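Hi everyone, thanks for making the time. I'd like to walk you through one structure this morning, so have a look at it with me.

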Amino acid sequence: MMAPPSTINGATVLCVSDVSRAASTGRTRHVVGSQEASDFAALAIVKYDVDPGVYLFYCDEDWNAITDTYHENIEDAIKQAAFEFGPLEFIDVLHE
């Protein structure tokens, strides 16, 4: 997978996790239109300047956001990711 971009859909990328080999726990369903989406390559926690919270973007291998969830803070986004995929390692891309 290619390196993450600094922004996705206009939001600043804070940290990322590769989930291409992670198995979903099946605890959450993501639906886009009428189709269930489940083939994610990576997760990105991002922040829009005008929003107090963060988004957990579920991305394809080219860092296109397929779906997302909203969270009050990074810790809550990481908990959601763990709920869906088990323990994951997130890489802080802002401070590398």
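Before we start, a word on terms: Ala, Val, Leu, Ile, Met, Phe, Trp, Tyr, Cys and Pro count as nonpolar, Asp, Glu, Lys and Arg as charged, and the others, Gly among them, as polar. Please also keep in mind that this is a predicted model.

With that vocabulary, let's take the largest pocket. Its lining residues split into nine nonpolar, three charged and one polar. The volume comes out at about 180 Å³. Which residues lie nearest the centre of this pocket? Of the 13 that line it, those are Met1, Val16, Ser17, Asp18 and Ile91. Strand β2, residues 11-18, gives the largest share of the lining, with three residues.

Now over to the hairpin. Strand β6, residues 54-59, and strand β7, residues 65-71, run antiparallel and are joined by six bridges. Cysteine 59 sits opposite alanine 65 in β7. Between the two strands there are five residues, and in this hairpin tryptophan 63 has a positive phi, near 65°.

Last stop, the helix. Helix α1 covers residues 74-85, so to speak 12 residues, and spans 16 Å from its first C-alpha to its last, close to the 16 Å expected at 1.5 Å a residue. Which residues of α1 are buried? They are Ala77, Gln80, Ala81, Glu84 and Phe85, with buried meaning under 20% relative accessible area. These five lie on the same side of α1, because they cover an arc of only 110° around the axis.

That's my tour, and I'm happy to go back to any part of it.

Note on methods
Residues are numbered from 1 along each chain as its sequence is written. This is a predicted model: local features need pLDDT of at least 70, side-chain atom pairs count only at pLDDT 80 or more; totals for chains, interfaces and linings use all residues. Side-chain values use heavy atoms; hydrogens and water are left out. Two strands pair if DSSP finds at least two bridges between them. Helices (H or I, at least four residues) and strands (E, at least two) are DSSP runs, numbered from the N terminus. On a 1 Å grid over the protein atoms alone, a cavity is a set of points where a 1.4 Å probe fits but cannot get out, and a pocket is an open set with protein on both sides within 12 Å along at least five of seven lines; lining residues have an atom within 4 Å of a point. Grid points are joined across faces, edges and corners, and a volume is the space filled by probe spheres set on the points. The expected span of a helix is 1.5 Å times one less than its number of residues. Buried means under 20% relative accessible area, exposed over 50%, partly exposed in between (1.4 Å probe, protein chains only). The arc is that of the directions from the helix axis to the C-beta atoms.
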